[in-house]
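Trainee: I would like to take a close look at a single part of this model. Please treat the place where the two chains meet, and then set it in its surroundings.

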Amino acid sequence: MTRYLLSVLFGLLLLPLNAAGDLRVFSCEPEWGALVTELAGDHADVFTATTAQQDPHYIQARPSLIAQMRRADLVVCTGAELEIGWLPVLMARGGNPKVKPGTDGYFEASAFVPMLEVPQRLDRAEGDVHPKGNPHIQLDPRNIARIAPALSERLAKVDPANAGDYRKRLEDFNRRWQSALQRWDHEAAPLKGMPIVVHHKSWAYLNQWLGLQEIGTLEPKPGVPPSSSHLAELLETLKATPAKAVIRAPYQDPRASEWLSKQVPGLVMIEMPFTVGGNAQATDLFGLFDSSIALLKGAQP
Amino acid sequence: MSSGVKACITVLALSLPVCVHAASADELADIRQQMETLQKQYEARLKQLETRLEQAEAQVKQNQAEISEAKTAPPAVATATYPEPAAAGTPAAGNAFNPALSVVLQGSVNSYSENPDKYALPGFQLGDEGGLANQGLTLDETEVTASANVDPLFYGQTTLSLSDQSNGGTEISIEEAFVDPTMLPAGLDGRFGRFYSDIGYLNRFHSHAWDFHDAPLAYQAFLNKQYGDDGVRLAWVAPTDTYLMIGGETFAGNNFPAGSSNRVFGDVQSLFVNVGGDVGVSNAWLAGVSGLRVNAHDRQTDVAGGATDNFNGDSNLLIGDFVWKWAPNGNATQRNFKFQSEYFYRDESGDVAVDKDGNSGMMDYNGNQWGWYAQGVYQFVPHWRAGLRYDRLSADNNLKVTSLGGFADNRSVINASGLDNNGHHPQRYTAMLDWSPSEFSRLRLQYDRDESLINRIDNEWSLQYIMSLGTHGAHEF
C-alpha cells in the first residue's frame with residue numbers, strides 16, 4: 001500500500017516535465033496570453049488563467065491556478081485591481097517569489113496605458129468601482145500598441161538569452177499591428193458617433209477608439225444586475241435618443257439585452273468577443289478587432 | 001551777514017534735511033506704489049506667461065500623444081506621455097503606508113425551541129465556543145483586519161475580533177496575528193505567529209466566509225468551532241500541473257483541543273496534504289488529508305449539567321476533506337454549485353477529573369469518536385444561494401472511574417462528565433437561503449433541525465447579516 005502511494009506520488013511529481021528551457025508565462029486574461037504568443041512565439045509556454053466565457057472580476061482561486069503560479073517565470077495581468085479578488089491568493093499560496101508584484105516576473109499591462117473613467121469619488125454605494133480606472137483596457141488596439149514594446153522588453157529581461165529574438169518579433173508585430181490599425185480606422189470610420197447601449201461599463205476604451213456614443217448601461221450601477229425599474233428608465237431614454245445596438249461580453253447574462261432588443265424596434269443585440277477566444281473569429285488579437293468591427297458594422301443599416 | 005540771515009540759513013540748513021526727508025518720504029511712497037504696480041504687472045505677466053507655458057506644454061503633450069497614437073511611438077514616449085494618474089484621494093505622506101484595513105460586521109437574530117443553556121453534544125467535551133449563538137438579537141462578532149507587506153521579506157496580517165462577554169463586557173481577542181516570509185524559494189510557504197491551522201477544509205476560513213451561520217457539528221465538537229493557536233507553519237507546493245501541497249505546523253497548545261502549553265516547541269503538531277485540480281473547464285476539486293497530534297494538559301471544559309471536566313492525555317485527530325465546485329464554463333457569476341464534505345476521526349486517551357458541587361471524581365478515559373458532514377450550496381440566480389447540510393457525530397468512549405471524590409457512585413461521575421452518550425448519535429439537518437446584493441454584503445435565513453440532545457429536537461431559526469467594509473481580501477478556493 002505504501003509502495004503504491006509512493007509510486008503515485010512520484011508519478012505526480014514527474015508529470016509536469018515539459019519542454020525544458022521554455023519561459024513559463026502565466027497570463028491572467030486571454031488577450032495578454034495572445035500578446036505573449038505574438039511577441040515570444042515558441043520561446044514561451046503560455047498558460048491562460050481565464051477564458052472569454054469567464055468574468056475576470058470573479059474567478060475562483062482554484063488549486064490548478066495555484067499549481068501554475070508556482071512554476072511561472074512571468075505573470076502578465078491587466079492590473080488596476082481587476083484581479084484583486086483572486087490573484088493575491090494565487091500569489092500567497094503559489095510560493096513563487098520570482099513573480100511577486102514589484103519584481104521583473106510580474107507585468108501589469110494597465111501601467112502602460114492612459115486609464116479612462118478614474119473615479120473622482122470612491123464610494124461602494126456607486127457599485128463596483130475601480131479606484132484606478134476602468135480596467136478593460138484591451139479593447140483599444142492603440143493600447144495594445146503601447147503595451148507590446150513594454151512587454152517585449154520585459155520578456156527580454158526575464159529571458160535575456162532570447163532578447164534579440166524578442167526584439168525582432170516586436171518589430172514584426174509592430175509592423176503588422178500598424179497596418180491593421182490603419183485598416184481598422186478605415187473600416188470603422190462609418191461607426192463614428194454610432195449610439196449604443198452596453199451591459200456593463202466594459203467598453204469605455206472601444207468607445208473612445210471608435211467614437212461610439214454610449215447612451216446607457218443595462219446595469220444600474222457597475223456590478224449590479226439589471227433591474228426592471230432601471231430597464232424601464234432605459235427604455236424611456238431610448239425613446240428620446242435611439243440607439244443602434246445593445247452590446248455585451250460572452251460572460252454576461254443575455255436575458256436583459258434580449259429583452260431590450262425586443263422592446264425597441266431596430267435595436268440589434270450583439271454578443272461581442274470582448275477578448276481573444278470570445279467567438280470563432282477572435283482566435284488572436286487581430287481577429288478580436290476584425291470581428292468586433294464587423295459585428296458593429298452589421299448593426300449599421 | 002546779518003544775524004537774521006544767519007539764523008535763517010541755520011534754520012534752512014537745519015530744516016533742509018527735514019524738507020528733503022519730507023520730500024523723499026512722499027517720493028518713496030510714490031516709488032513704492034509704482035514699484036508695487038510694476039510688481040503686480042510683472043506678476044500678472046508672469047502668470048500669463050506661466051499659463052501660456054502650461055498651455056504650450058499641454059499642447060506639446062497632446063501633440064505627442066496624438067503622434068504616439070498615430071504611429072505607435074516607442075515605449076519610452078508612450079509611458080512618459082501618460083504618467084499614471086494619481087489615484088483619487090491620494091493619502092498624505094504621513095499615512096501613505098497605512099495597511100489595508102477591513103471591518104466585517106456580523107449579527108443575527110436566533111430562536112431555539114429548546115433551552116440553549118442545556119445544549120450539549122453527548123459523548124463530547126465542548127470548548128467554550130462549541131455551543132450555540134446567543135438567543136434573540138445579537139451582535140455575533142465584529143472583525144477588524146489589517147494587512148500589509150512589512151518590507152521586501154515579510155508580509156503581516158492581524159484580525160482582531162470584538163464580541164460580547166457573558167458578564168456584559170466586551171472581549172477583544174486576537175483571532176490571527178501572523179507574519180509570512182514572502183521570499184521563500186522553490187514553492188515553500190511559511191507562516192509564524194497566531195493563525196488558523198491548515199488542517200481540514202473549513203478551518204482556515206473566517207466565519208464570515210462560511211456557507212452556513214454555524215460551524216458543522218464536527219467542528220464544534222472536535223475543534224471548538226475552529227482551531228487556531230500560536231505557532232509556526234511550513235508548507236511546500238509541488239511543481240506539478242496537479243496541485244499538490246504538503247505542510248506541517250507546530251502550535252503552543254493553548255487552545256482546545258489542547259489545554260495549557262507545556263513544551264517549548266508546542267503540544268500540538270499538524271501534518272496535511274492537499275491535492276486538487278480541474279475537470280474540464282466547468283469543474284474544480286480539492287481533497288485533503290490532515291492529522292493533528294495533541295498533548296493536552298489541563299484541558300478544562302464546562303459540561304451542560306454544571307460540571308467541569310479537566311482532561312490530561314493524548315488526543316489525535318484525523319480529517320479527510322473534499323470540495324467540488326461547478327460553474328458553467330467556469331463562470332461562477334450566474335450559477336454555481338459547491339459540494340463540501342469532511343470526515344473526522346479522533347482517538348483520545350488519558351484521565352479526566354470531573355468537578356461538580358465540590359465533588360471531584362477521576363476517570364480513565366479512552367475515546368474513539370467520529371463525525372462527518374456533507375453540504376451543498378447552489379447559486380441559482382446571481383446573488384441568491386440555497387444550501388443544505390447534514391451533520392452527524394458518534395462516540396464510543398471507554399470510561400473507568402478510578403476515584404469517586406465525593407460522588408455517590410460511578411454512574412454519577414460518568415453522567416456528570418457528559419462523556420457517555422448513552423448510545424445516542426447527535427445529528428442535524430440544515431437548510432439556508434442567502435442573498436448577497438454585492439460581494440460585500442450578505443443576508444441569510446437558516447433553519448436547523450438539531451437532534452444533538454437525547455430525545456429532544458431543537459428547531460433553530462436564524463436570520464444573519466454579514467457586511468464588510470474597506471479592503472476585502474481575496475478568498476481561497
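How many residues does the contact take from chain A and how many from chain B?

Mentor: The model is predicted, and what follows should be read in that light. The contact draws on 53 residues of chain A and 48 residues of chain B. On the side of chain A that touches chain B, the elements that give two or more residues are α1 (2-14), α3 (63-71), α4 (87-94), α5 and α6 (163-188), all of chain A. By character, the residues of this side of chain A divide into 28 nonpolar, 13 polar and 12 charged.

One of these elements also leads into the interior. The largest nonpolar core has 92 residues, of which A:Leu35, A:Val36, A:Leu39, A:Val75, A:Val76 and A:Leu90 touch the most other members. Helix α5 (residues 141-158) of chain A gives the most to this core, with 7 residues. Thus α5 of chain A appears both among the elements on the side that touches chain B and as the greatest contributor to the core. In soluble globular proteins, nonpolar side chains tend to be buried together. Taking A:Val36 as an example, and leaving aside its neighbours within four places in sequence, its contacts are A:Val25, A:Ser27, A:Ala44, A:Val46 and A:Val76. A second core, separate from the largest one, has 45 residues, including B:Phe195, B:Ala221, B:Leu223 and B:Leu393.

Chain A also holds an open sheet of 4 strands, in the order β6-β5-β7-β8, with parallel pairing. Its edge strands are β6 (213-217) and β8 (268-271) of chain A, each of which pairs on one side only. Neighbouring strands are turned by 30° against each other on average, direction ignored. Within this sheet, strand β5 (residues 195-198) of chain A is joined to β6(A) by 4 bridges, the two running parallel. A:Ile196, for instance, has A:Glu214 in β6(A) as its bridge partner.

In chain B, helix α4 (residues 410-417) deserves attention. Its residues B:Val413, B:Ile414, B:Ala416 and B:Ser417 are buried. These four lie on the same side of α4(B), because they cover an arc of only 165° around the axis. The buried residues of α4(B) pack against β10 (308-326), β11 (336-356), β12 (359-381) and β13 (384-403) of chain B. After α4(B) comes B:Gly418, which has a positive phi, near 75°.

Notes:
Residues are numbered from 1 along each chain as its sequence is written. Chains are lettered from A and ligands numbered from 1 in the order in which they are written. This is a predicted model: local features need pLDDT of at least 70, side-chain atom pairs count only at pLDDT 80 or more; totals for chains, interfaces and linings use all residues. A nonpolar core is a set of buried Ala, Val, Leu, Ile, Met, Phe, Trp, Tyr and Cys residues joined through C-beta atoms within 7 Å. A residue is buried if 20 or more other C-beta atoms lie within 10 Å of its own, exposed if 12 or fewer, and partly exposed in between; C-beta atoms are placed from the backbone. Two residues are in contact if their C-beta atoms, placed from the backbone, lie within 7 Å. Two strands pair if DSSP finds at least two bridges between them. Axes are lines fitted to C-alpha atoms, for helices over the stretch in contact, and angles run from 0 to 180 degrees between N-to-C directions. Ala, Val, Leu, Ile, Met, Phe, Trp, Tyr, Cys and Pro count as nonpolar, Asp, Glu, Lys and Arg as charged, and the others, Gly among them, as polar. The arc is that of the directions from the helix axis to the C-beta atoms.
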